Amino acid sequence: MNRYVDQYIRSEEEQARASMVEQLAARFAKRAAQHDREGSFPFENFADLRESGYLKLTVPQEYGGEEISLYELVLLQERLAYGDGSTALAVGWHIGQVLHLRTTGKWPQEVFADVCRSIVQDGTMINTFASEAASGSPSRGGQPETIAVSEEGGWRITGRKTYSTLSPILDRFVVSAYIPEEECTSDFLIRRNERVSVVETWDTLGMRATGSHDVVLDGVLTGTGMRLSGKGTDDGGGWLLHIPACYMGIAMAARDFALEFARSYRPNNLGEPIASLPSVQHTIGEMEIELRTARSFLYAAADRWDREKDERPSLRPELGLAKYAVTNNAVKVVDLAMRIVGGASLSRKLPLERYYRDVRAGLHNPPMDNTVLHTLANAAIQEQPRKV
Ligand SMILES: Cc1cc2nc3c(=O)[nH]c(=O)nc-3n(C[C@H](O)[C@H](O)[C@H](O)COP(=O)(O)OP(=O)(O)OC[C@H]3O[C@@H](n4cnc5c(N)ncnc54)[C@H](O)[C@@H]3O)c2cc1C
């Protein structure tokens, strides 16, 4: 029987990678509960990701990577999150940013090439730490309180970043910092050293194994060439679809758990599985509508972004809509899945309560709902009126 999850696979190559990632996801699912409970970072998952070649999926082929499309990134991230949302979100920042750098060309070529070669050879990962306590989400344009001051040989950077996903494992990362002498903000690539410390602040409701701690920069020196001020080509921010792909995977896991429960749970007052009950079928139907609608937006947006290269900046409303629909519908899907399972869904022995907590985090990843609504409203208002 066809599996719904496979509906968006388009080729044998995509099928082969998807099968490989499903095996990883199955392994990660076994470790997820413990890392969630402890709030520990799943180093062994990242060793497996490295071993499997996952970390180099979006690296350009000229540097030894697989150069996969955004569509395939979504396909694979969704499957990874099916096993463990935290691991998928965390590695999503890495492979997503490499895709973004590949398509925008916003870093100096030699810096990007060096990072790519290191990803392929050593399993290096990257992420950007832009959020701060005082400025909030960087997507709202706040000025960082982290400061960069130029001196002989480079830039000295001081500040504190919050929500620094992957911080336990990264040996290099990007930070945004304000340059007072130029009255502007810029990104800087930093190598971890004794002036960088990770303060283990990440103790949250969900996504507990992402290692999103605070990172403190105590006058870290980075080279002159490590200032990454270029904006490159505007790609519309398509890479951020790694975020809804993750929350779609969590929703799929909740849906499949509830379906299996409905097929197999036979209360002795009923004599047949609860899947036979009209009320349960109604809830399953509602779950399918939320899930399938959002999923079709997600894949349509990724596909358009891949194909319509010259139109990428104008795809922002579509990309935002996909993120909005997926993250909000995913919250509803997990809720409906728990209603199907009933009281047992609250048990910490079952994964549903973790999905319920993890899926909430999507609302607080960019672009946030109010930004998407604003983008869609502006696009609608600026539209040429139709002549009738
Ligand atoms: C699991 C997870 C992983 C993350 N990983 C990273 C990472 O690797 N790197 C990174 O840099 N960040 C990361 N983030 C941080 C994320 O991008 C946001 O910065 C963070 O969630 C705070 O966003 P916010 O909208 O709640 O914050 P704020 O911007 O402080 O907003 C708080 C509330 O105030 C309101 N608000 C504030 N300003 C405005 C405004 N101008 N207009 C309208 N409303 C406003 C909104 O209602 C909002 O709900 C991560 C977040 C999560 C949850």
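Biologist: A helix, in the sense used here, is a DSSP run (H or I) of at least four residues, and helices are numbered from the N terminus. The model under discussion is predicted. In which loop is Glu67 found?

Modeller: Phi of Glu67 is near 50°, a positive value in a residue that is not glycine. With a relative accessible area of 37%, Glu67 is partly exposed. The loop that holds Glu67 is the one between H2 and helix H3 (70–83).

Biologist: Glu183 also has a positive phi although it is not a glycine. Is Glu183 buried or exposed?

Modeller: The phi of Glu183 is about 50°, and Glu183 has its place in the loop between strand S4 (172–179) and strand S5 (184–191). Exposed requires over 50% relative accessible area. Glu183 has 65%, so it is classed as exposed.

Biologist: Which helix gives the most residues to the largest nonpolar core?

Modeller: The largest nonpolar core has 108 residues, of which Tyr54, Trp107 and Tyr247 touch the most other members. The greatest contribution to this core, 14 residues, comes from residues 242–264, that is, from helix H6.

Biologist: Leu101 is in contact with Trp107. What is the relative accessible area of Leu101?

Modeller: Leu101 has its place in helix H4. Beyond its neighbours within four places in sequence, Leu101 is in contact with Lys106, Trp107, Phe112 and Ile126. Trp107 in turn is in contact with residues including Phe112, Val115, Val174 and Leu228. Leu101 counts as buried because its relative accessible area is 6%.

Biologist: Is Asn45 buried or exposed?

Modeller: Asn45 belongs to helix H2 (residues 43–52). Leaving aside neighbours within four places in sequence, its contacts are Phe28, Arg31, Asp84 and Thr87. Its relative accessibility is 0%, so Asn45 counts as buried.

Biologist: Which side chain is joined to that of Ser40 by a polar contact of 2.7 Å?

Modeller: Ser40 is found in the loop between helix H1 (12–38) and H2. Its side chain makes a polar contact of 3.2 Å with the side chain of Glu38. The polar contact of 2.7 Å joins Ser40 to the side chain of His35.

Biologist: Which residue has a backbone N or O atom 2.7 Å from an oxygen atom of the ligand?

Modeller: Twenty residues surround the ligand, and Asn127, Ser131, Arg140, Thr165 and His364 come nearest. Nitrogen atoms of the ligand lie 3.0 Å from a polar backbone atom of Thr128 and 3.3 Å from a backbone N or O atom of Tyr163. The partner at 2.7 Å from a ligand oxygen is His364.

Biologist: How much of the accessible area of the ligand does the protein cover?

Modeller: A backbone N or O atom of Tyr163 is 3.3 Å from a ligand nitrogen. On its own, the ligand has 950 Å² of accessible area, and the portion of this covered by the protein is 66%.

Biologist: Which elements give two or more residues to the shell around the ligand?

Modeller: By class, this shell has 10 nonpolar, nine polar and one charged residues. The elements that give two or more residues to it are helix H4 (85–104) and strand S1 (128–129).

Biologist: What is the omega of the peptide bond from Pro366 to Pro367?

Modeller: Pro367 is found in the loop between helix H9 (352–360) and helix H10 (369–382). The bond from Pro366 to Pro367 is cis, with omega near -10°.

Notes: Residues numbered from 1 in each chain as written. Predicted model: local features only at pLDDT ≥ 70, side-chain atom pairs only at ≥ 80, totals over all residues. Heavy atoms only, no water. Core = buried A, V, L, I, M, F, W, Y, C linked by side-chain atoms within 4.5 Å. Buried < 20%, exposed > 50% of the residue type's maximum accessible area, 1.4 Å probe, protein only. Contact = heavy atoms within 4.5 Å. Near = heavy atom within 4 Å. Polar contact = N/O pair within 3.5 Å; in protein donor to acceptor, adjacent residues only side chain to side chain. Areas by Shrake-Rupley, 256 points an atom, 1.4 Å probe, with all protein chains shown as cover. Nonpolar A, V, L, I, M, F, W, Y, C, P; charged D, E, K, R; others polar.
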